[in-house]
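Open the model in your viewer and keep the selection panel at hand. We will go from stop to stop.

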Amino acid sequence: MTDESGGNRNSYDKNHFPQQADVLNIVLDHITQGMVVVGPDYRTLAFNRHFEEMFQLPPGTVEVGADFRDILRTWAATTGQDQQMLDYAIYQLDEPATFEFEFPQLINGDPRWCLLTHNPLPGKGFVRTFTDITKRKALEASLMKLSREDPLTGLYNRRTILDLLEEEIQRGQRYKHPLSFLMMDIDHFKKINDQWGHPTGDEVLKSFAAQCRSVMRENDKMGRFGGEEFVMLLPETGKTDAVLVAERIRKITAEMAVKPKRSSTPIPVTVSIGATTAGEGDDVEYVIARADEAMYEAKDAGRNRVICH
Ligand SMILES: Nc1nc2c(ncn2[C@@H]2O[C@H](COP(=O)(O)OP(=O)(O)OP(=O)(O)O)[C@@H](O)[C@H]2O)c(=O)[nH]1
C-alpha cells in the first residue's frame, strides 16, 4: 500500500521510530500500576517507575538482578509487616497459579491498601502488577458502616442487631454463658413530636442513644429497632444484672435534659423497658417476643418502669 507521497504506510524509518524495547519501556512507565518481572531464580528482571514510587523502598533496594526475596524483606521492614506476613509473601512467590491478594501497608507512615496480581510465567518466575486501592477500601468501609448503622443515632440498625442477637444466642448456648436482652420504648413519644416538633423529637432520640452508650460495657451492643424503639444485647449478663442495667437506663432517661429551642425547661422523657434472659433452646424470635411482651406490660402498668420476663 502506498500513500499520496508514494511512501509505504506499513514500513517505518528506523531513524525516526523507537525500537520495540524502547516502546515497551515507555508503556511500562506510563501504566498506572506498579509492575515487576521476576525470573525462575527469584532475580528481578524488570520493573517500572510506578513500582518504585508505590513502595518507596530505600535507594538501591529495587535493582535489575536483585533477589526479589531481599526486596520483600526490605519491604516488610519498612512498611510495618510482621514476620508472619513476610513468611507468607515469600511463600506466595512459588505459587504456580494466577491469584490476587489485597494487603495493607504503611508507606512513609501513611496507611495504604494495595492489590497484587500474580501471573506465573511458563517454567518458573512471574509477572506481578500492584494497584493502589486505598480509595476503594475507604469507600467499602464507609458503605459497610452505612449499611450497618442507623444514620440518626449511629447505633446498629435493625438488621444488624438481629444478626448480632443470633450470633450472641448461639455463642451463649455453645459456651453456656448467660445473655440478656432489653427492649426499650420511649414513652408518649408522639406527644413530644406533636408538642415540640420532629427535630426536637430527633434530639431526644439522639440524646437517649448517647445516655445509654454511657452506661454500656464494652461487649454490650445497642441498636435502634425502629422509630422510638431501641434494643440492647447484654452478653455474659444474667437476669439480676440485666434488671440493674435497665433500671440505670430508666433513671438516666428521666434525668435527661433535652431543651427545645423555644423553651428553657427540659422536656420530660421516660422509657419503658422489657428485659429477658435467653434460655436453653431459645431462638431470636422467641427472645424478642418475650422482651416485647415485658415492655408492653411496663407500658400497661403506667410506663417509666422495667419489667423482666
Ligand atoms: N422525631 C422522630 N419521630 C419519630 C421517628 N421515628 C418514629 N417517630 C415517631 O414516633 C412516634 C411513636 O408514637 P407511638 O408509636 O404512638 O408511641 P408513643 O407516642 O411513644 O406512645 P407509647 O409508646 O405508648 O408510650 C410516632 O409519632 C412516629 O412518627 C424519628 O426518627 N424521629
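Start at the ligand. Select strand S6 (179-186), helix H7 (189-196) and H8: each supplies at least two residues of the shell around the ligand. Helices (H or I, at least four residues) and strands (E, at least two) are DSSP runs, numbered from the N terminus. Residues themselves are numbered from 1 along each chain as its sequence is written. This is a predicted model: local features need pLDDT of at least 70, side-chain atom pairs count only at pLDDT 80 or more, and totals for chains, interfaces and linings use all residues.

Which element gives the largest share of the shell? H8 does, with 4 residues. Now show the whole shell: 16 residues surround the ligand. A residue belongs here if its C-beta atom, placed from the backbone, lies within 6 Å of the molecule. Colour the closest ones, Asp187, Phe189, Lys190, Gly201 and Gly227. By class, the shell holds 4 nonpolar, 5 polar and 7 charged residues. Ala, Val, Leu, Ile, Met, Phe, Trp, Tyr, Cys and Pro count as nonpolar, Asp, Glu, Lys and Arg as charged, and the others, Gly among them, as polar.

Next, keep H8 (residues 198-215) and add helix H9 (residues 239-254). Their axes come within 10 Å and cross at roughly 140°. Axes are lines fitted to C-alpha atoms, for helices over the stretch in contact, and angles run from 0 to 180 degrees between N-to-C directions. H8 and H9 are therefore oblique to each other. Angles under 35 degrees count as roughly parallel, over 145 as roughly antiparallel, 65 to 115 as roughly perpendicular and the rest as oblique.

Show the side chains at this contact. H8 brings Phe208, Gln211, Cys212 and Val215, and H9 brings Val245, Arg248, Ile249, Ile252 and Thr253. Contact means C-beta atoms, placed from the backbone, within 7 Å. The contact has 6 nonpolar, 2 polar and 1 charged residues.

Last stop: the sheet. Its 5 strands are open and antiparallel, in the order S2-S1-S5-S4-S3. Strands pair if DSSP finds at least two bridges between them. Strand S2 (44-47) and strand S3 (99-107) stand at the edges with a single partner strand each, so one side of each lacks a neighbour in the sheet.

Zoom in on S1 (residues 34-38) and S2, joined by 3 bridges. Val37 has Ala46 as its bridge partner in S2. Finish at the hairpin turn, where Tyr42 has a positive phi of about 70°.

Note on methods. Contact = placed C-beta atoms within 7 Å.
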